[in-house]
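Colleague: I would like a close look at how the strands are arranged in this model, and at what surrounds them. Please take your time and keep the answer connected.

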Amino acid sequence: QVQFVESGGGLVQPGGSLRLSCAVSGTAFNIAAMGWYRQAPGKQRELVARISSGGSTNYADSVKGRFTISRDNSKNTVYLQMNSLKVEDTAVYYCNKWVWNNDYWGQGIQVTVSS
């Protein structure tokens with residue numbers, strides 16, 4: 001069984017910051033790749049950022065330089081620090097775990113950037 005506890009979303013003004021957290025239960029966190037995806041209304045889900053088990057990171061071009069993904073293996077938690085938020089960042093953000101050729105997904109958390 002894999003469970004996700006996502007937190008840190010909410011409403012923020014353009015230019016503001018939020019930090020998303022995703023605490024994951026279950027096994028094999030340390031060897032799993034973790035990621036954050038997002039889906040805006042009427043849009044397809046897209047990769048925002050990912051971090052490998054070894055700590056290598058990748059970012060969507062749209063968030064590069066503004067978002068930072070990190071992980072704390074001692075807490076089985078992955079984070080997404082979001083700075084300089086834009087209206088177009090508004091979406092439901094999903095925590096993702098990839099391990100042993102399987103995807104596991106959190107329930108999603110709303111991030112709204114609006115004046």
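In what order do the 4 strands of the open sheet follow one another, and is the pairing parallel or antiparallel?

Modeller: The model is a predicted one, and what follows should be read with that in mind. The open sheet is formed by 4 strands in the order β1-β3-β8-β7, and their pairing is antiparallel. At the edges stand β1, residues 4-7, and β7, residues 67-72; each has a single partner strand, so one side of each is left without a neighbour in the sheet. Averaged over the sheet, and with direction ignored, neighbouring strands are turned by 15° against each other.

Taking the β1 edge to begin with, β1 pairs with β3 in the antiparallel sense over 4 bridges, and within that pairing Phe 4 has Val 24 of β3 as its bridge partner. The residues of β1 divide between a covered face, made up of Phe 4 and Glu 6, and an uncovered face, made up of Val 5 and Ser 7. As a general point, side chains in a regular strand alternate between the two faces of the sheet.

At the other edge, β7 is paired with β8, residues 77-82, again in the antiparallel sense and over 6 bridges. Here Ser 70 stands opposite Tyr 79 in β8. Following the chain onward from β8, one enters the loop between β8 and β9, where Ser 84 lies. The phi of Ser 84 is near 50°, a positive value in a residue other than glycine, which deserves a remark because most residues other than glycine have a negative phi. With a relative accessibility of 41%, Ser 84 counts as partly exposed.

The disulfide leads from this sheet to β9. The structure holds 1 disulfide, which joins Cys 22 to Cys 95 with an S to S distance of 2.1 Å. The torsion about the S-S bond of this pair is about -90°, so the disulfide is left-handed. The link is between distant parts of the chain, since Cys 22 belongs to strand β3, residues 18-24, and Cys 95 to strand β9, residues 91-99, the two cysteines being 73 residues apart. Both Cys 22 and Cys 95 are buried.

From β9 the description can be carried to β11, to which β9 is joined by 3 bridges, the two strands running antiparallel. One of the facing pairs is Ala 91 with Val 111, the latter being its bridge partner in β11. Strand β11, residues 109-113, has a covered face consisting of Ile 109, Val 111 and Val 113, and an uncovered face consisting of Gln 110 and Thr 112. A further pairing of β11 is with β2, again through 3 bridges, but in this case the strands run parallel. In that pairing, Leu 11 stands opposite Thr 112 in β11.

Val 12 also lies in strand β2, which covers residues 10-12. With a relative accessible area of 12%, Val 12 is buried, the cut-off for that term being under 20%. When residues up to four places away in sequence are not counted, Val 12 touches Ser 17, Leu 18, Leu 85, Thr 112, Val 113 and Ser 114. The C-alpha atoms of Val 12 and Phe 67 are separated by 15 Å, the two residues being 55 residues apart along the chain.

Returning to β9, the loop between β9 and β10, the latter spanning residues 102-105, is the place of Trp 100. The phi of Trp 100 is near 50°, again a positive value in a residue other than glycine. At 60% relative accessibility, Trp 100 counts as exposed.

Finally, β9 has a part in the lining of an enclosed space. The structure holds 1 cavity of 30 Å³ or more, and about 30 Å³ of space lies in the largest cavity. The lining of the largest cavity is given by Ala 33, Met 34, Gly 35, Tyr 37, Arg 50, Asn 96 and Trp 98. The elements that give two or more residues to this lining are β4, residues 33-39, and β9, and the largest share, 4 residues, comes from β4.

Conventions: Residues are numbered from 1 along each chain as its sequence is written. This is a predicted model: local features need pLDDT of at least 70, side-chain atom pairs count only at pLDDT 80 or more; totals for chains, interfaces and linings use all residues. Side-chain values use heavy atoms; hydrogens and water are left out. Buried means under 20% relative accessible area, exposed over 50%, partly exposed in between (1.4 Å probe, protein chains only). Contact means heavy atoms within 4.5 Å. Two strands pair if DSSP finds at least two bridges between them. Axes are lines fitted to C-alpha atoms, for helices over the stretch in contact, and angles run from 0 to 180 degrees between N-to-C directions. A disulfide is a pair of cysteine sulfur atoms within 2.5 Å. On a 1 Å grid over the protein atoms alone, a cavity is a set of points where a 1.4 Å probe fits but cannot get out, and a pocket is an open set with protein on both sides within 12 Å along at least five of seven lines; lining residues have an atom within 4 Å of a point. Grid points are joined across faces, edges and corners, and a volume is the space filled by probe spheres set on the points.
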